[in-house]
2 protein chains.
Amino acid sequence: MTTDIFFQIVTPDEALARLSEHLPDIPRSQPIGLDPALGRVTAAPISSPEDSPAFARSAMDGYAVRAADTFGASESLPAFLTVDGEVPMGATAERPVQPGTAQLIHTGGMLPPQADAVVMVEYTQPVDEASLEVLRPVAPGQHVIQAGEDLAAGDPLLPAGHRLRAQDLGVLAALGITEIHAAVPPVIGVLSSGDEIVPADAAPAPGQVRDVNATTLSALARQAGAEVREYGVAPDDRTELERLTRAALEACDLIVISAGSSVSTRDMTAEVIGSLGQPGVLAHGIAVKPGKPTIVAVADGKPVFGLPGNPVSAMVVFGLVVAPTIRRLLGAGPAGDPPRRKARLTRSLASQTGRIDFVPAVLEQRDDESWATPVLGPSNLIATLVRASGLIRIPLDAGGLAEGAWVDVEPF
Amino acid sequence: MTTDIFFQIVTPDEALARLSEHLPDIPRSQPIGLDPALGRVTAAPISSPEDSPAFARSAMDGYAVRAADTFGASESLPAFLTVDGEVPMGATAERPVQPGTAQLIHTGGMLPPQADAVVMVEYTQPVDEASLEVLRPVAPGQHVIQAGEDLAAGDPLLPAGHRLRAQDLGVLAALGITEIHAAVPPVIGVLSSGDEIVPADAAPAPGQVRDVNATTLSALARQAGAEVREYGVAPDDRTELERLTRAALEACDLIVISAGSSVSTRDMTAEVIGSLGQPGVLAHGIAVKPGKPTIVAVADGKPVFGLPGNPVSAMVVFGLVVAPTIRRLLGAGPAGDPPRRKARLTRSLASQTGRIDFVPAVLEQRDDESWATPVLGPSNLIATLVRASGLIRIPLDAGGLAEGAWVDVEPF
């Protein structure tokens, strides 16, 4: 029930700042195709390899014209043009637009030689099969996307450290880029400790419970862009815990140990984490509830986290310090604040300034407003995990909150 | 440039309501393990197979006692108890707590026979190795999680149609459930049409451009929980488009056709979609900008969507009608509103009541406020897709918005 490691409680941001000093700046990269690239992080900036579009295109359905032929046109005094056929879609527009003529053109069609504008079909009126009236003038360049106007060869497209979205892949495809260099996903070693914990597929004896955290944390790690290796459950035996942890450290880029729930297991876990390598423990305790008994360490360049055994705490801490560290190892910038929903409290909540509080809550819609009902009761109940649909976040500097107050709810 | 299908512009919600009437209510299901279950949708309700915890556990580090032995205890008049060893973690607590004694117990430890409460270590004071003083009384049951208090056998855990989160998997693992029945992901056939479009890996000839939408829509479909089959690009030839579409309809559960950008291609696509099966086209045009020229249809029980060729439009419409239909086919309930960020407009924006407007925007942080700068210019530029970080949503009933106004920004 004692520990010889100095207790040093810091904010999650301070813990991340300390970690960051000891981590490599540039992730390893690998070439991948577009199909598996969704959600992956670019390892290098990507610029446009070519002009897009490669040719001047019509932005509208209408007629390719020489703009000068339409100057002064109006409803009462339309410009009269001879219709000289149609611009083929998907082929070179070869026939020049002669003075006094127009060619039917579709959106995306290639502007023919000597045309410099497109008249929208809405502002034309057919006279007969071979001629039309233009009811409004167009300026040179109007309704035309010039070659390279969208993207010019060499234009920066995506920076390094960018998490690829669906539309980014679409743009890469449009530019003929079918392979990119992505950051290699860090491998995360996940282990649990505690004599009372057995793996999910074991039959617990009396006094034992199955592991919640290995499954939850592995899923969160995959969601954050990492690969996972599970190392099972270490008993409350320092030699065995150290052996398993060192094996994980050897094979992985980051270690997450979810410590058993007793203080003695946590203390032993902290000692093992501190002994793994340099510089060792950077923070012992973070200013978060639940989640205070968290250990943040670096062992010879690899981050090691000791998370509380309480499953809600472990999830909260994962989001605050482990997920950002995975982003850091991927070379991705900070995620920014997570999207939050505004909701009103159905009952008042106590809190303390000087720490961030997270309270699991059920969200429901009443009339046009979202309301959040805190899920109270002992914080280590697993039913809380399935019942809650969000986490109310009470900032570092806020005290308690009254019933009806607006709060920020993060996805859970 | 004409169409013989009746133009019927409806809101996205109305289009979904019409669709829903023609779709099967119960998804196919398959058994899967927990590792691949993240993000999958439950096909049947899951209830707890056992009591959790299976035995009364301590919720604190402290001493297992008979509560009656502590009644009346105070700092000035502590209760004196003999310490009778320690409850082993992860094993059956067999030795009863005799009157006048206490056993050291850790958080999660099994409550020994005849103990009915736990005194927190903070409220005890050691006298010598074999005895201690209790400084506060505890009530029977205090700091104890009773057997089945967290979840009782038969308690509902997760409903059918629930998208599995990391913590849901953790709870299933804790209850020894390592296989569940999940909805089979619908297979989505993605095809593009237009003579000017070539696949991403082709070298476009003059007048041709590479396909953006097949890649973007496939990635969005996977993100929404579907499997994707790509059917390539159909030329502007009704026979060929119909052949490809029917092949897709044969093999897939839902079809998305991104029509070429010209009105004639769109009209041909609409005709083909209308001819595939019963009841045919349910909505031709939705009250959204961009995205109006959208076709929503059902062909013999399978949804078919004709999306605009403009890539921003195609993405907006996918989010409004295709993604909810994928949820529907998975048996999942409505997603609710997407998480939104509040931001202020850096310039005023025109809009029209009677339709939902989406404007791609770049978000930036100025002091403590988020600001959204609309990405203007022709809406069919692909650069917009990579530059924008969000979509400003202007609701159905809103007119224009002034500079500095607060807007909702959806993730993009």
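Hi everyone, let's begin with one term: contact means heavy atoms within 4.5 Å. This is a predicted model, where local features need pLDDT of at least 70, side-chain atom pairs count only at pLDDT 80 or more, and totals for chains, interfaces and linings use all residues. Residues are numbered from 1 along each chain as its sequence is written, chains are lettered from A and ligands numbered from 1 in the order in which they are written, and side-chain values use heavy atoms, with hydrogens and water left out.

So, how do the two chains relate? Two copies of a chain are related by a rotation about an axis and a shift along it. Here, a turn of 180° and a shift of 0.0 Å along the axis lay chain A on chain B with an RMSD of 0.0 Å; the fit is by least squares on the C-alpha atoms of residues with pLDDT of at least 70 in both. That is the relation of a two-fold axis. Pro339(A) has the C-alpha nearest the axis in chain A, 2.9 Å from it. Of the interface residues of chain A, 100% are also interface residues in chain B, so the copies meet through the same surface.

Now to a sheet in chain B. Helices (H or I, at least four residues) and strands (E, at least two) are DSSP runs, numbered from the N terminus, and two strands pair if DSSP finds at least two bridges between them. This open sheet has 6 strands in the order S16-S13-S17-S21-S20-S18 (chain B), with mixed pairing. S16 (227-234) and S18 (279-284) of chain B are at the edges with a single partner strand each, so one side of each lacks a neighbour in the sheet.

Let's look at S17(B). Which strands does S17(B) pair with in the parallel sense? One is S13(B), over 5 bridges, with Ile188(B) opposite Leu254(B). Another is S21(B), over 4 bridges, where Val304(B) is the bridge partner of Ile255(B). In S17(B), 5 of the 5 residues are buried (under 20% relative accessible area, with exposed over 50% and partly exposed in between, using a 1.4 Å probe and protein chains only). S17(B) is therefore largely enclosed by the rest of the structure. Leu254(B), Val256(B) and Ser258(B) are buried on one side, and Ile255(B) and Ile257(B) on the other.

Further along, S20 (residues 295-299) and S21 (residues 302-307) of chain B pair in the antiparallel sense over 5 bridges, and Ala299(B) stands opposite Lys302(B). Thanks for listening!
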